[in-house]
Amino acid sequence: MPPFRPTARELVLLTALLASLLYFTATSPRHSHTIEDLIALAPHVVHDELDQLPSTFETQYTLQALNPPLRWGDGQVPETEIVAHVPGWTIFDKLYLLNGTLYIVSDNPDSVPELRYMISSAIFIGNQPEEVAAREPSDREMRVITTAEARQMFGMDADRIDGVSWLANDPKQFITHYYHWSAELFFGFWRTYSSLDPAIPPSGETSLPAPRRMIFPHIDAANWRDYAAMNQWVLRSAFPSISMEFMNDWKERAALSRLFVLERVVLADRAAAMNGDMFLRTQRTAANAFSLPGSVNWWTTVRNNVVGFSTLDDEHAGAAAVQGVPTRPVITYISRQGWNRRMLVQEDHERLVEELYKLRDMYDYEVNVVEMDKLSRMEQFHLAGRTTIMMGVHGNGLTALLWMRPTPRSTVIEFFYPGGFAHDYEYTTRALGMVHYGFWNNKHFTRPDVPEVAYPEGFQSNSIPIDGAAVAQLVRERLTLAEEADD
């Protein structure tokens, strides 16, 4: 059989076909599909049943990698950023921790505040010259180093302490007191941190993530709770997921000789705050934090969580406690008559109660005469959240003012022994946007005409005088400011 020889026509057709194939191959879009992709797209393919299971908490996190270290390899160590600072309150991004010492990494050390305004030696605070000098920080507490120094000391990576940490570099001296915990430490922490969201609305909603942990390098786990168990109630209701680390945890990290980096940390130091101008004016460590930007609704976030957590089991409790005080004013007199310390003259106490009940009967106000230690914690927070006017002798019970809702009529009335005055509750009231009045028997005063701080003999006595009729008159004046003010 003779060999096959294509005709000239067949050769022309074959050449045209090859040319067309080359053209379309060159101009068609490239696809990165793998064989698996193509199989998955085929309608007749039966997929493995496991791929069809719904996503669950477990399936989402089973393959999630552990928090990776912050690595810089042979490059420059990432610098620490000081996000916000006032004396005693500082927000850092990338604050390093090695062998129990905090390190600020910066190639511009002149921009870093003096250490004494950020941290101290954390010894008990005393007022003698040698005690004041002993508060000054050393290289053991904190150091400022360059990126070159950090490269030599740190190596090539650091283990992350992720999220937001609140680090309280304080001794236990004031921690175990409800007022100092809630109205100073907690108050200052949140006021500093909330400066990063100066547009918090009246609802209290914020874009800020909740702090992940509180760290106490100088106290143990048995020494942060107060005798009335209020500290832990405030903490757990404000931030239910927060964890806590204490002295032993701090020592354990130091003993590892590993470098850690706090991704974002709010550092609080009482002794450092005492170097600030606002503290010198008010004797309140949290006062310095109010120099930072902030919303007028800054505290609402915490208040709503705490009061909302503490509502009683009735149909209107949550709404009344969180959204506002009722139209019917609520007067709460916190009595100390059972305390045997800093009490009113008994006859004056009885006359005050009588005058308050007259207001109740005449104007249909709600009047509560309570001893806080006789109420459950839930009842205390719930009552404070509903209160329009709170009053009592200078003392820890007035810490409940933190949970009042600020309105034009919201008022705190504090009874002092004549000639005595302290800023504690006066400053805290004003910081929340409410009005404070101090009373010396039948005389009252308010900002800006407040007296100098003084603790005369009799300040702590059980014979503090008060004119109940004068108090009742002021209450009536406050509650007739504008009847629609709280609506």
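A salt bridge (a side-chain nitrogen of Lys or Arg within 4 Å of a carboxyl oxygen of Asp or Glu) brings together the side chains of R447 and E426, at 3.3 Å from N to O. This pair ties distant parts of the chain, 21 residues apart: R447 sits in the loop between β15 (443-445) and α16 (468-479), and E426 in helix α15 (residues 424-431). Helices (H or I, at least four residues) and strands (E, at least two) are DSSP runs here, numbered from the N terminus. E426 is buried, with just 1% relative accessible area, while R447 comes out as partly exposed at 36%. Those labels mean under 20% relative accessible area for buried, over 50% for exposed, and partly exposed in between (1.4 Å probe, protein chains only).

A word on the numbers before going on. The model is a predicted one, with local features needing pLDDT of at least 70 and side-chain atom pairs counting only at pLDDT 80 or more, while totals for chains, interfaces and linings use all residues. Residues are numbered from 1 along each chain as its sequence is written, and side-chain values use heavy atoms, with hydrogens and water left out.

Back to the charged pairs: the whole structure turns up 21 salt bridges. R71, D157, D159 and R258 are joined into one network by salt bridges that share partners. Another bridge links K358 to E355, with 3.6 Å from N to O. Why are K358 and E355 separated by about one helical turn? Because they are 3 residues apart in helix α13 (residues 346-363). Of these two, K358 is partly exposed at 41%, whereas E355 is buried at 10%. The side chains of K374 and E371 also meet, at 3.3 Å from N to O. Here K374 counts as exposed, at 61% relative accessibility, and E371 as partly exposed, at 22%.

Next come the empty spaces. Rolling a probe the size of a water molecule over the atoms shows where such space is left. A cavity is a set of points, on a 1 Å grid over the protein atoms alone, where a 1.4 Å probe fits but cannot get out; its lining residues have an atom within 4 Å of a point. Grid points are joined across faces, edges and corners, and the volume is the space filled by probe spheres set on them. The structure holds 3 cavities of 30 Å³ or more.

The largest cavity has a volume of about 120 Å³. Its lining takes in 13 residues, with D170, I175, L185, R270 and T285 nearest the centre. Two or more residues each come from α6 (178-193) and α9 (270-273), and α6 gives the most, with 3. By class, this lining splits into 7 nonpolar, 2 polar and 4 charged residues. Nonpolar covers Ala, Val, Leu, Ile, Met, Phe, Trp, Tyr, Cys and Pro; charged covers Asp, Glu, Lys and Arg; the others, Gly among them, are polar.

The second largest cavity offers about 70 Å³ of space. Among the residues lining it are R116, R135, E136, A271 and N275. Its lining has 5 nonpolar, 2 polar and 3 charged residues.

As for the protein overall, there are 16 helices and 15 strands. Of its 487 residues, 48% count as buried. Contacts (heavy atoms within 4.5 Å) with a separation of 6 or more are 76% between residues 24 or more positions apart. The protein exposes about 24500 Å² (Shrake-Rupley method, 1.4 Å probe), with carbon and sulfur atoms supplying 54% of it.

Key:
1 Å grid on protein atoms, 1.4 Å probe; cavity = no way out; pocket = protein on both sides within 12 Å on 5 of 7 lines; lining within 4 Å.
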